[in-house]
Amino acid sequence: MKYSYFPGCSLEHNAEAYDSSSRAIAGPLGLELVEVDDWNCCGATEYISLNMTAALALIARNLAQATKNGLDQMIAPCSACYLNLSKCDRYMVTTPELAERLNTALAAGGLSYQGGTIKVRHLIDVITEDVGLKTLASKVTRPLKGLRVAPYYGCLISRPGLRISEHNPEYPVSLDEILEALGAEVVDFPLKTHCCGGHMTQISESTGFDLIRQLVKGASDYQADMIVTVCPMCHLNLDAFQNGMNNFFKTNYQVPVAYFTQMIGLAFGMSARQLGFGTSLVSAGPALAKIGEELPAAAPAAGATKRKRDDKSLPMPTPLAAGQGKGGSGKGQGQEVSR
Amino acid sequence: MTPTSNGWEPVIVGFSCNWCSYRAADSAGMARIKYAPNVRFIRLMCSGRVDPLFVLKAFADGADAVLISGCHPGDCHYITQNYKTLRRFALLKQTLTALGLEDGRLRLVWASAAEGTILAEEIDNMVADVRKLGPLNWKARTAQRVTAAAG
Amino acid sequence: MSDGKEPRIGVYICHCGSNIAGTVDVEEVARWAGEHLPGVVVGRDYKFMCSSLGQELIEKDIHDLDLNRVVVGACSPHLHEATFRGACQRAGLNPFLFDMASLREQVSWVCADRAVATEKAKALIAGSVYRVAQNEPLEPIIVDINPNVLVVGGGVAGIQAALEIADAGYHVYLVDREPSIGGHMAQLDKTFPTLDCSACILTPKMFSAGTHKNITLLTYADVEKVDGFVGNFTAQIRQHARKVDVSLCTGCGVCQEKCPKKVIDDVFEAGLGYRKAVYTPFPQAVPKYPVIDVQNCTYFQKGSCKVCEKFCPTGAIKFDQQDELLTVNVGNVILATGYDLFDSRRIPQYGYGRLANVFTSMEFERLANASGPTNGKVVLRDGVTVPQSVAIVHCVGSRDRNYNSYCSAICCMQSLKFAHLVHERTGARVYNCYIDIRTPAKSYDEFYQRVLEEGTVFVRGKVAEVTDAARVPGEEGKLIVQVEDTLVGHQRRIPVDMVILSAGMEPRAGAKEVGKIFGISCSMDGWFIERHPKLDPVATMTEGIFIAGVCQGPKDIPASVSQGAAAAARVLGLICRGRISLEPVRAQVNQDQCSGCRICNNLCPFNAITFIEERGVTEINPALCQGCGTCVAACPAGAITGTHFSNTQVLAQIDGLLSVMA
Amino acid sequence: MVSASGPIAPTPFTFLDEVQARTPGNPHLNQCIQCGTCGGSCPSGPDMDHTPRGIFAMIRADMRQEVLKSNTPWFCVSCYYCIVRCPQEVKITDIMYTLKRLAVEARLYGDATAPDFSKVFINWVENYGRSFELGLMGQHMLRHNPFGVFKMASMGMGLVSRGRMAFTPKRIRDLEGLKNIIAKAKELEVSHEV
């Protein structure tokens, strides 16, 4: 099965692990991913707040680019990209006047797009629908026995229900099913479709951190070893901001967060390093230990060493020892591990 | 309804059954739904009563299009008669297409007594399509075809 | 002209106040018709043609101007065709020499532009004038009314209807698919606003229905097929095998006592209680005879047990009993098939089915009911803990385009009732989360006032979600109801022990199929369609088929009872008339023209068409023919004519409609 | 509803009409029954100075200034709970986007944090074709929350040390084309408004 692949900006940097793990499991699952040529940012939730036409044109450019490789289905692993792309496509079908405007804009860049040409799919749908849980389970060589995971869908693939697939915006189960197929112990997570706060950490700390707290608290209340997510934004908030949240509320949660593709990779017998586990801020060490997988030491910050000069201005982080979960700011908080 | 540039407006003869589609028109009225006024309905007891002859007559007398409407399949007041309508319609359509009648000039619409909105929407769409097609002048056309055949 | 005379047509255009005159230039249409249309000798317009003065105007013209045809342009013929036919008849004109054009529903109400509307009106009038000129005088078909009546559904509406008719001295077949009549009302605890016990007021009615000499009770039975027409229906009813010989059974109840198989009762106890495999739904069941639930009976599933048979003192248990097919002849049918409760699991964010202490309204009725699983104790799912705080959620599945957009009418009062009962039985703090409080009936709002006084907390806001995910210590172990208090303008999280979902009403799952069996249709929402929403709420488009109770749309007990009685009155009216005249719209075969091709033979769903072998021609039985005209359209020899919808008449109408061109 | 015969819908005049017209698709705003499902479902509702429902009431009351000044749209996290739960199919999230645009056009937003965040973000996108977290956070924080920089530094460096944050933004090949598209689109948006 051959698909266009739209990684999106996050997967280039902070969600690199999502990208590498997705590509890693594609082979075994019989998926061929053809990266969309010269794609651009989808504008996240920001651009549409300033200029609708420009925002949609920005997205439409990607759809136009995608048509070039002749594939009619495009996989977007990032929920925000996924929603933006499918929304834009939908609008171009339902609102001819808008479609016309967007094509006038695209023409300025020598492009054009006919609404409905590209079927935008989220990776999780492709795996549940095109690959199928049976095939998935059949590829499992190392069942994730004894690992308690909280499936976390977040907002943008659950809602507003643009998805082609049959699913329930309030109580989806596809991720639960995938994780069960991998042999993990799946928590019936009541907050599975609640919001991680998106960019709120940048707008209002109190709001953003509280949403993160609710989710992390929920997961640890349900004794989940880790939260499994399908979205880079959710991952960034829950993982990278977890210690910031801990400081804010004087709590010390240490719930590791992983992409569902990483979990699939593990179950397929791939190494944690290969799947980029070492790159999360909250260590997944204790969790992975449960399935006898050794967490690699944090990847030696390649970028950092190369660009030492640039780093001078800012304090270097204290290197992390495997299994020790903390932000590594040397400010002494977040040392103690809950549970 | 926005008249076409040259002010020409299609005239459409509609055949409705007494039980569902005519009552759909009633409920469209009761809901004060404004829709294109081009369709002039004839009330029959059942869409099954629509004799191909009626349709041809309508076209011959200068109708630009004909609308046939009845109860939804399975909801027919006469149990199964609208299935017969369906079959007859397909046949008629084939024939008329062969005679060069554009698709869109003969339409079949199912509307239950409750579906005033749907009937109105269908009529609006149909009128829009027929406006694009322009006047039919069936007589003239057939005349041409005859002469063509002769010559 | 069939009757030789030249047509002398009178055309009458109704203003309908401003309904038509507001958009259509009625004077112009009348004048134009009088001057330009063939055969028209007079064209008039009048404020209200349907008024007695309007009708007299027509009658007078028929006399003075010797009219032999009449056309009225007014509202839809479905409203006033009968009225004007009456006028013609009074003036000695055959009512079928009349035609009506719908200038209101099809013109003035749906056109905005006056000129356009007026032109369309002219076209429709022209159509009617050309047609009426071809109309033939016809005599209505008279049929006798069989005085027996079939009532489908033994809820309170059906029982009421059955009793009214039976008391009037006519025979009723009362059919219910459950083993007992009583319907939803039998499950309820108290009834609003008077709070009298539901069973106490219903049981007497059930009893008299069960014992009435004019009522044949057919419970645990389904109507499978209905043939015929008003006055003469034949219904085929399947009596499911009770596996109990009712002629021997005394209803002593030993079998239920001894039966070793306990199953969850998801019908009467709404899944909150248990029953045996052989059971009567509830103690006061009518009839008192139990049924054996074959799916759960150990004997039928495993081949051995027969405990009930062993203990039955009269040997009434009959494991080999088979379904019976009964055929009854009736003149009229009343459908009172009721409703299904909205399945609250369809709204996952309310947690029903996942969170133990979220209850549906029907579950709560059983909980509060003295004869229910907890003997009327209001407790949590664990069966012992008394809730300290309860939230009642209004509009569950109603007034919501994601589920049902209509208002279920009973939920507000029901929720107020729950608030009162909870307060009375537990003293718990009660929160009612509502969008609007709708109490529009006699002493309903007084009940609202009473509940306010009792200290129930009213929160104006549609509940967003019910969750057990606590955010602060105070919420631990509670259900949290998250809602915007729209009157404060802030989001609230209300921790409670119990949540009651006031679920709405839905059309029966099988409503559409039932409708098909009886030849009536359902609205977009799935409720049976009445003949007129205001003026004829219990009749349907099909003569002789009536509807009563919730199957016609959400309503409470008083309204259902009134409709049951109303439907009965309509039926009794027909029975008293003894005979009814039907539209003489029929198909007739001209035997000389019939080529005997038999194309028409298999077209008729009413089996009105038969082929006479010896004469090699087809005949149509006017008693069975319903006048759809499908065979007329199909006859290649043109041997079949449809009275009142003949080719000549329809073709003439086409001419007329198209004689008006912009 | 079916297309009105005669005159087509009038050009926007009330604030309600304006908001409806500036939102793609049909936002159904006039259908709101003020039930509060949106406000109840909103994750950041407690921090908004008016709940979405409140905002809709104000829009109907034509309180343009107050609505565009409020922080409500800027606190919308685009979680779409309100949209899927709304019993009247009101497209709340999309309306919030519209309100943000109108507020930016009218320079009416109270606190500039959120609008600026969007602007900075977009600035990178428009000039490189891709977003750039480090630059974004850096610029944004320095402007709106200088101390935040230090608070966030730990996290930031955490990401950096794990190769999860690049020091230079990526640039797409056909940047010219993209810029032209954006420029044209902006024209159209403006011409669309008048």
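**Figure 1. Strand S1 of chain A pairs with strand S3 of chain A.** In this predicted model, A:Tyr5 has A:Ile75 as its bridge partner in S3(A). The two strands run parallel and are joined over 2 bridges, with S3 covering residues 73-76 of chain A. S1(A), residues 2-5, also pairs with strand S2(A), residues 32-35. That pairing is parallel too and holds 4 bridges. Here A:Lys2 stands opposite A:Glu32. Strands of a sheet pair through backbone hydrogen bonds, either parallel or antiparallel.

**Figure 2. Four strands of chain C form an open sheet.** The strand order is S2-S1-S3-S4, with parallel pairing. Strand S2 (40-46) and strand S4 (98-102) of chain C stand at the edges. Each has a single partner strand, so one side of each is left without a neighbour in the sheet. From one strand to the next, the twist averages 15°. Strand S3 (residues 69-74) of chain C is joined to S4(C) by 5 bridges. Within this pair, C:Val72 stands opposite C:Met100.

**Figure 3. Helices H1 and H2 of chain C meet the four-stranded sheet.** Helix H1 spans residues 26-36 of chain C. It lies across S1 (9-14), S2 and S3 of chain C, at about 170° to S2(C). Helix H2, residues 52-64 of chain C, packs on the sheet and touches S1, S2 and S3 of chain C. The direction of H2(C) makes about 165° with that of S2(C).

**Figure 4. An open sheet of 5 strands in chain C carries a helix across it.** The strands follow the order S10-S7-S6-S18-S29, with parallel pairing. Strand S10 (215-219) and strand S29 (545-547) of chain C are the edge strands, each pairing on one side only. The twist averages 20° from one strand to the next. Strands S6 (residues 149-152) and S18 (residues 332-335) of chain C run parallel and are joined by 4 bridges. C:Val149 has C:Asn332 as its bridge partner in S18(C). Helix H6 (residues 156-167) of chain C lies across S6, S7 (172-176), S10 and S18 of chain C. H6(C) runs at about 165° to S7(C).

**Figure 5. Helix H11 of chain C is largely enclosed by the rest of the structure.** What puts it there? 8 of its 8 residues, 361-368, are buried. Charged side chains are included: C:Glu363, C:Glu365 and C:Arg366 are among the buried residues. So are C:Met362, C:Phe364 and C:Leu367. The cover includes strands S14 (273-276), S19 (339-341), S20 (358-360) and S27 (498-503) of chain C. Helix H12 (411-426) of chain C also covers buried residues of H11(C).

**Figure 6. Chain B combines 5 helices and 4 strands.** Along the sequence, the pattern is β-α-β-α-β-α-β-α-α. The C-alpha atoms fill a box of roughly 50 × 35 × 20 Å, taken along the principal axes. With 151 residues, a compact globule would have a radius of gyration near 15 Å; chain B has 16 Å, which agrees. Of these residues, 57% count as buried. Among contacts in chain B with a separation of 6 or more, 81% link residues 24 or more positions apart.

**Figure 7. Chain C touches chain A.** The contact involves 6 residues of chain C and 7 residues of chain A. On the chain C side there are 2 nonpolar, 2 polar and 2 charged residues. Of the 5 pairs of chains in contact, chains A and D share the most contacts. Chains A and B do not touch; their nearest C-alpha atoms are 16 Å apart.

Definitions and conventions: Residues are numbered from 1 along each chain as its sequence is written. Chains are lettered from A and ligands numbered from 1 in the order in which they are written. This is a predicted model: local features need pLDDT of at least 70, side-chain atom pairs count only at pLDDT 80 or more; totals for chains, interfaces and linings use all residues. Two residues are in contact if their C-beta atoms, placed from the backbone, lie within 7 Å. Two strands pair if DSSP finds at least two bridges between them. Axes are lines fitted to C-alpha atoms, for helices over the stretch in contact, and angles run from 0 to 180 degrees between N-to-C directions. The radius of gyration is taken over C-alpha atoms; the globule rule is 2.2 Å times the number of residues to the power 0.38. A residue is buried if 20 or more other C-beta atoms lie within 10 Å of its own, exposed if 12 or fewer, and partly exposed in between; C-beta atoms are placed from the backbone.
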